[in-house]
Amino acid sequence: MPADLSALAVKPTLHGPTIRLVPLDARHTEPMWRLCTDRETNRLTGTRAVFTRDQIENWCTTRPDQPDRLDLAVEDPATGRFLGETALNDVDSDNSSAGFRIALTPDSTSHGIGTEATLLVLRHAFETVRLHRVHLDVYEYNERAAHAYRKAGSTLEGRARRAHRWDDRYWDVLSMAALRDDWLAAH
């Protein structure tokens with residue numbers, strides 16, 4: 001069954017047991033700005049770029065218009081509070097694959113939110129977009145994220161030894177992925 005990459009142009013709301021994923025847009029500018037300026041979040045995601053508030057506003061405002069990727073805000077369904085963001089990006093149409101990323105606010109980690117959000121995105125990627133493969137990289141010091149990805153169905157595929165420098169030290173980069181057939185059989 002071929003991928004339906006046109007499905008990426010539709011920005012869904014995905015509901016889980018404790019969170020919802022909604023299309024990232026201009027209303028998320030302030031919490032995204034705080035997330036992008038959080039030192040620990042930048043360390044966990046390997047983000048070195050320094051963004052202006054205007055850049056973040058432009059980013060959030062233009063996400064709904066991107067036909068080749070899916071950017072979603074993670075929210076508390078009871079309060080609407082912003083808990084983080086996630087994306088399917090770097091789509092490779094020839095191979096029906098895409099990259100995945102997620103960043104949670106510091107107070108949203110260690111509650112299973114990352115696993116739940118990853119499961120929701122993978123379900124959408126495999127059932128609706130019908131991607132064959134969703135992949136990501138995670139730094140070895142981000143053990144909590146690697147655990148969440150494994151729990152959500154990603155498999156360690158490789159390790160780039162000492163490929164990422166942070167805080168005057170070199171760290172391994174772990175390559176992980178989930179494949180549609182394997183993931184659907186398990187979920």
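**Helix packing, buried positions and backbone features**

Thr 41 has its place in helix α2. In this predicted model, Thr 41 counts as buried, because its relative accessibility is 7%, a value under the 20% cut-off. Leaving out residues up to four places away in sequence, the partners that Thr 41 touches are Leu 35, Ala 103, Leu 104 and Pro 106. One of these partners, Leu 35, is itself among the buried residues of α1, which leads conveniently to that helix.

The buried residues of α1 are Thr 29, Pro 31, Met 32, Leu 35 and Cys 36. When the helix is viewed down its axis, these residues fall within an arc of 165 degrees, so they line one face of α1. The cover over this buried set includes helix α2 (39-45) and helix α3, together with strands β4 (82-92) and β5 (97-104).

The packing of α1 against α3 can be described in some detail. Helix α1 spans residues 29-36 and helix α3 spans residues 53-62; the two pack at an angle of about 125 degrees, and their axes are 9 Å apart. The arrangement of α1 relative to α3 is therefore oblique, since the angle is neither within the 65 to 115 degree range counted as roughly perpendicular nor over the 145 degrees that would count as roughly antiparallel. The crossing of these two helices is right-handed. On the α1 side, the contact is made by Thr 29, Glu 30, Met 32, Trp 33 and Cys 36, while α3 contributes Arg 53, Ile 56, Glu 57, Trp 59 and Cys 60. By residue class, the contact of α1 with α3 divides into 6 nonpolar, 1 polar and 3 charged residues.

Arg 53, found in helix α3, offers a closer look at this contact. Its relative accessible area is 30%, so Arg 53 is partly exposed. Apart from neighbours within four places in sequence, Arg 53 is in contact with Thr 29, Glu 30 and Trp 33. Arg 53 and Glu 30 are 23 residues apart along the chain, and their C-alpha atoms are separated by 8.2 Å.

Strand β5, already met as part of the cover over α1, holds Phe 100. Phe 100 counts as buried because its relative accessibility is 7%. Its contacts beyond four places in sequence are with Thr 86, Ala 87, Asn 89, Thr 118, Val 121, Val 134, His 135, Leu 136 and Tyr 149. As a spatial reference, Phe 100 and Leu 179 are 79 residues apart in sequence, with a C-alpha to C-alpha distance of 13 Å.

Tyr 149, one of the contacts of Phe 100, brings the description to helix α5. In α5, the residues Ala 145, Ala 146, Ala 148 and Tyr 149 are buried. Seen down the axis of α5, they fall within an arc of 160 degrees, so these buried residues line one face of the helix. The elements covering them include β5, helix α4, strand β6 (133-139) and β8. On the face of α5 turned away from its buried side sit the exposed residues Glu 143 and Lys 151. His 147 also lies in this helix, which spans residues 143-151, and counts as partly exposed at 47% relative accessibility. His 147 and Val 121 are 26 residues apart in sequence and 17 Å apart in space, C-alpha to C-alpha. Following α5 comes Gly 153, whose phi is positive, near 115 degrees.

Two further positions with positive phi deserve a friendly pointer. Most residues other than glycine have a negative phi. Ser 110, however, is a residue other than glycine with a positive phi, near 65 degrees. Ser 110 is placed in the loop between β5 and α4 (113-128), and Ser 110 is exposed, with a relative accessible area of 60%. Asp 168 likewise has a positive phi, near 60 degrees. The loop that holds Asp 168 runs between β7 (155-166) and β8 (169-179), and a relative accessible area of 68% makes Asp 168 exposed.

Conventions
Residues are numbered from 1 along each chain as its sequence is written. This is a predicted model: local features need pLDDT of at least 70, side-chain atom pairs count only at pLDDT 80 or more; totals for chains, interfaces and linings use all residues. Side-chain values use heavy atoms; hydrogens and water are left out. Axes are lines fitted to C-alpha atoms, for helices over the stretch in contact, and angles run from 0 to 180 degrees between N-to-C directions. Helices (H or I, at least four residues) and strands (E, at least two) are DSSP runs, numbered from the N terminus. Angles under 35 degrees count as roughly parallel, over 145 as roughly antiparallel, 65 to 115 as roughly perpendicular and the rest as oblique. A crossing is left-handed if the near helix is turned anticlockwise from the far one by less than a right angle, and right-handed if clockwise. Contact means heavy atoms within 4.5 Å. Ala, Val, Leu, Ile, Met, Phe, Trp, Tyr, Cys and Pro count as nonpolar, Asp, Glu, Lys and Arg as charged, and the others, Gly among them, as polar. Buried means under 20% relative accessible area, exposed over 50%, partly exposed in between (1.4 Å probe, protein chains only). The arc is that of the directions from the helix axis to the C-beta atoms.
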